[in-house]
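Open your viewer and get ready to click along. We will look at some enclosed spaces and then visit a loop.

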Amino acid sequence: MSKFPHLAAPLQVGAKTYKNRIVAAPIYCGTFINIPGLDGVLKKGMTDRAKGGAATVTLGETAVDFVGASREPFPPIDYTDLNDPTMPKLKALVSEIQAQGALALIELSHCGESVEPIPGVEFGLGPMSYTREDGMQIYGMNEAQMHEVTQHFITAALWMKEAGMDGIMIHAGHGWLLHQFLSPRTNRREDEYGGSLENRARFPLALLSAVREAVGRDFIIEMRVSGEECMGENGMHLDETVAFCKLAQKYVDLIHVSVGVYRNPILSGEFSSMFQPHGLNMDASAAVKKAVDVPVAVVGGITSPELAEEMIATGKCDLVALARPLTADPEFPRKAIEGREDDISQCIRCFKCFMGPLEGVDISDMPKLFGCSVNPSAFCYDKELLASVPEKSKKVLVVGGGVAGMTAAITACDRAHQVTLAERSGKLGGLLFFTDTDYYKKDMKKFKDLLVRRVEKRNIEVLLNQEITPEYIAASDADAIILAIGSSPLVLPIQGIENAIQALELYPDNSKAGKRVIMVGGGLVGCEVGIDLARDGREVTIVEMGDRVAPESYPMHRIALVDEMERLVKVRTGLKCTSIRRNGITCLDKDGKEVILEGDTVVHALGMRANSKAVDALQAAAKVPCTVVGDCVRAAKIYEAGVEGWTAAMKL
């Protein structure tokens, strides 16, 4: 018996059987398959999900035409030509997915009035005629244009059926064309396609009906909707989404409930951040599920099998759709169903794998922008490295028990090396010790604890409270050494800095911080520690010398972070701290004017400095190959630490 019987249960969806209740939500545009580098993102991402046990794997947003429907200059597909060069590539990928026991689907979309001024695009289509702020002319669609767009969906769907797909997902959410017609925010027409929901739904329903008639009942049609638009009072709300789903259910086999709009993905909740609740869309999916007779899937912040099981068991949904969590661990479904849930790398919602809206991003640069903080192999396309086998088992000494060190030790042990992991403190975890008490870092704590569990379950010799000196290195009988000794807080020569508390010293006990806190340093650490203190009831003012806070954070995370900061803390930018007292600081603004800020406690977060001197001394003493990874190369994030530790071990 599975610990998660609801997740493990099969489900009839249309003419197909989904083998379990975990589906891989659409991610990575299907047209990536035609772009060198991005084709690797698509292929590995999709096949890994299939191998990991997902019931279905859905390729992401794919335009139904490449003049008005596509938002990026992706290589076009001629859906009228079954011999288009993309066909054999897609057929091969579909076959790989299906060979692993998963059904293959693809999300078809039309961006409507959100079209970008890419080559060949001179105007956009939408419910209403207007001129956008950027000068792009948008034309309100007439019935002939509605018919033409409907034919594009039909032609694309039939082409996908020919490619071997088991079905399609039609995108009627996230502010794309069909959603633009449905929403009173974007559809203010006064004809039979505007006004009441019945009128606003007229074109989307006609399109769904026509596609269903064209593809038949043996081909799955899923439909994606935004339960809530989250764009103000004039947007589309849950009651109307539910009503639309009741009307649309006769044409679709499954309804996929998301939230928000693409043009405001963080603040509308389309992509949930670490500051938002897990399973944030479950109430919306529950409302839809109560109203319709077809199965309902829900996406959004579902990072654990326990939550997924509970959602299905309590009637919130019939299936859970996972996107980023299957990048974090493609084996999530298999591990959950087999009772290995404690070995799932749960997504920490850091946005390293998703840089945000793609507009303005050079497509050729995109492959190197992808990454996963908890799965270092996720975006590795070095087939030789992935397939490599060590020539012999080596004695490996890993110095440092943080993310880089633990990842290196785990990977080396899994590759049959004899591993010793030495840590100078009394416990593993490195700088992630603060996640034990930081409210916003509960998911990061789970990752830290996972790495510790993985070390403990392996035949790795762990030496705690072990100071590794040059003499120790010189006397070691290791065949290879990996140094991961981390970084230390940077202390700048600011007058009176001894009167301030370094931010990480507030963990695990922040009681030494008074009621009014001044945080000197508005980088990622200062901002995140600041909001954690504010959540505990402190009045926090963050002081930053630059023009913006947290410039080093991932773009999507920064949007969420700044939004959280606006609710909880005060921010003062453009101020250079010149002196610190126990109850305040003196600063200079950009004009050289003195500014004095008062508080009960001053905290500083001025960055981290790699422990490079210690590294140099240890390297000099080494008599065998010595690789340096993580923070001790330069202050790094979890992603860099994990990837470098993993890569170093893979190359042994």
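A cavity here is a set of grid points where a 1.4 Å probe fits but cannot get out. Keep in mind that this is a predicted model. By this rule, there are 5 cavities of 30 Å³ or more.

**Stop one: the largest cavity**

Select Pro26, Ile27, Glu270, Phe271 and Phe354: of the 38 residues lining the largest cavity, these lie nearest its centre. The volume of this cavity is about 600 Å³.

Now colour β3 (22–29), β4 (56–63), β13 (319–322) and α11 (324–328), since each of them supplies at least two residues of the lining. Which element gives the largest share of this lining? It is β3, with 4 residues. If you colour the lining by residue type, you should find 20 nonpolar, 11 polar and 7 charged residues.

**Stop two: the second largest cavity**

Next comes a cavity with a volume of about 90 Å³, the second largest. Its lining has 14 residues, and you can find its centre by selecting the closest ones: Cys347, Cys350, Cys353, Cys372 and Ser373. By type, the lining of the second largest cavity splits into 8 nonpolar, 3 polar and 3 charged residues.

**Stop three: a loop**

Finally, select Pro508, in the loop between β19 (501–502) and β20 (516–520). Is Pro508 buried or exposed? Pro508 counts as exposed because its relative accessibility is 66%, and exposed means over 50%.

Add Lys637 to your selection, 129 residues from Pro508 along the chain. Draw a line between the C-alpha atoms of Pro508 and Lys637, and the separation is 21 Å.

Key
Residues numbered from 1 in each chain as written. Predicted model: local features only at pLDDT ≥ 70, side-chain atom pairs only at ≥ 80, totals over all residues. Heavy atoms only, no water. Buried < 20%, exposed > 50% of the residue type's maximum accessible area, 1.4 Å probe, protein only. 1 Å grid on protein atoms, 1.4 Å probe; cavity = no way out; pocket = protein on both sides within 12 Å on 5 of 7 lines; lining within 4 Å. Points joined across faces, edges and corners; volume = space filled by probe spheres on them. Nonpolar A, V, L, I, M, F, W, Y, C, P; charged D, E, K, R; others polar.
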